[in-house]
Amino acid sequence: MWYLCFFFHRLLDYRKAEVESLAQLFCSEEELHDLQWRLPLHHHQDSPFHFVNLPSEEVATKIANRSILVKGMYELWGEGGSYEELEESIQNYPDERKLPYLESDSTFKINVDTFGKVLSLQEQTQRITGFHYIPFKGRVNLRNPEHKFWLMETDNYGANNGLPPIVERRIFFGREIGGADRKLLPTYELKSRTYLGPTAMDAEIAFLMANQALATPGKLVYDPFVGTGSILIAAAHYGAMTMGADIDIRVVRDGKGPDCNVWSNFKQYGLPMPIALLRADNNLPPWRSGLKEVFDAIICDPPYGVRAGGRKSGGRKLLKGVVGPYTVPDDKRTGHIPSTGAYTLVECVHDLLDLAARMLVMGGRLVFFYPVLREDENAETHFPEHPCFKLIASSEQILSSRYSRVLLTMVKTSQYTEEVAEAARIKHIDFKENHLKWLEDGNLHSAVFSPANAQSNGTGDAKATKEQKPKYRGKYV
């Protein structure tokens with residue numbers, strides 16, 4: 001059945017991907033094949049209104065209630081370009097679908113929402129009283145109604161609200177069957193969190209990542225770059241068991257004191273504590289040989305050298321080959337903080353994919369951010385690939401005029417074989433032996449923060465390029 005999905009107008013690339021991932025949780029394989037999207041008449045692809053075909057109202061409700069970006073999901077009773085067309089459409093909607101929600105022993109409420117315009121309270125009241133042709137027999141209950149009905153109106157708006165103009169306005173009327181929990185994000189917002197780091201993941205993005213990873217009770221979720229635990233907190237909220245690692249032992253062990261650390265963040269929200277927090281290097285994973293297929297999902301935000309640079313064990317002199325490996329004496333092991341050196345993005349992603357291919361169960365998901373330079377918007381972007389994984393979603397978040405990051409969602413589709421392991425080992429040796437070369441080639445920070453005029457012939461060319469960009473910036477949202 002087709003339902004009207006009203007999205008929050010932000011993170012536009014993430015909206016459909018989240019709904020499709022949640023459908024994976026609540027639908028059978030056969031039902032997933034029937035999931036389809038279509039746009040309302042005259043609407044732009046970035047419109048907050050979309051029609052989605054889902055197998056049942058129960059599934060639609062579950063998806064909407066868990067989603068972060070679905071403002072509301074509705075059984076559409078009618079739509080039109082004017083209130084006359086809307087009335088005709090509602091009158092033509094089957095009575096057997098309407099009458100169960102209009103009975104005398106029920107309570108109801110009609111809400112008014114708009115996009116691209118603002119209605120005064122008087123205008124809203126006028127529109128509500130105009131539904132006299134719907135035979136409501138129940139009582140009005142504004143606080144806790146059994147049935148909520150929504151009138152949603154768009155206008156033939158201009159460019160002021162971030163979307164291109166449409167030919168004409170569209171009006172929708174329907175019964176609400178579900179919507180995002182609006183108390184969730186204020187509860188977990190970063191400004192009220194006990195322990196924060198410079199790269200703590202925003203709560204909204206963290207919950208989107210947890211949804212992409214299908215975090216549910218009984219699943220084990222791992223973050224190899226755990227930091228202050230923001231991503232694992234979102235996974236734990238949905239009931240998943242969590243485990244994390246970080247190369248900085250001061251973060252995972254000490255924090256800022258006994259009452260201000262990663263553990264205190266979980267305690268703050270009353271969430272189950274992580275199974276373990278390890279001091280571990282993604283370049284030299286701690287797992288014993290032969291250990292495979294442990295985690296149901298790996299979710300992370302790898303360091304890509306813009307706000308924080310990646311680090312791996314070894315130190316500069318060791319990685320350059322100036323000195324050999326050393327062993328820490330027993331009397332100095334307590335409190336010892338190992339030396340680290342620069343860890344390039346390309347090596348980091350290679351190690352992450354190899355770790356996920358080995359440690360994820362079949363069908364497990366790898367969800368991580370990948371940075372993209374935006375110097376040439378027409379150039380095709382190539383994302384990391386691996387023989388064990390299939391890319392099922394890529395959602396861009398534009399961070400500046402120079403670069404953006406893309407949330408990649410991959411599913412493990414084949415086994416981690418000896419051939420794959422040997423190829424990974426050879427590549428690992430190449431990174432080690434040519435450390436300086438990869439350090440120069442993988443320096444994203446320099447590309448992002450290099451002077452703007454270095455990439456143009458002069459001030460005039462830069463200005464002309466800026467003026468050529470289209471006014472519509474929908475993806476910035």
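## The seven-stranded sheet

In this predicted model, seven strands (DSSP E runs of at least two residues, numbered from the N terminus) make an open, mixed sheet, ordered β11-β10-β9-β12-β15-β17-β16. β11 (276-279) and β16 (389-398) are the edge strands, each pairing on one side only. Pairing requires at least two DSSP bridges between two strands. Neighbouring strands are turned by 20 degrees against each other on average, direction ignored.

β9 (residues 220-223) runs parallel to β10 (residues 241-246), joined by four bridges. D223 has G244 in β10 as its bridge partner.

## Helices on the sheet

Helix α8 (residues 203-212; helices are DSSP H or I runs of at least four residues) has 10 of its 10 residues buried, meaning under 20% relative accessible area with a 1.4 Å probe, protein chains only. Among them are E204, F207 and Q212. At its start, a side-chain oxygen of D202 comes within 3.2 Å of the backbone nitrogen of E204. L214, with a positive phi near 60 degrees, follows α8.

Helix α13 (residues 345-359) lies across β9, β12, β15, β16 and β17, at about 165 degrees to β15. Axes are lines fitted to C-alpha atoms, for helices over the stretch in contact; angles run from 0 to 180 degrees between N-to-C directions.

## Confidence

Mean pLDDT (the predictor's confidence in each residue, from 0 to 100) is 86 for the chain, and 84% of residues score at least 70. β9 is highest at 98; helix α17 (residues 459-468) is lowest, at a mean of 45. Residues 462-477 stay under 50. Where pLDDT is low, coordinates should not be read in detail.

## Conventions

Residues are numbered from 1 along each chain as its sequence is written. Local features need pLDDT of at least 70, side-chain atom pairs count only at 80 or more, and totals for chains, interfaces and linings use all residues, while side-chain values use heavy atoms, leaving out hydrogens and water.

Notes:
Contact means heavy atoms within 4.5 Å. Buried means under 20% relative accessible area, exposed over 50%, partly exposed in between (1.4 Å probe, protein chains only). A polar contact is a pair of N or O atoms within 3.5 Å; within protein, one must be able to donate a hydrogen and the other to accept it, and residues adjacent in sequence count only if both atoms are side-chain atoms.
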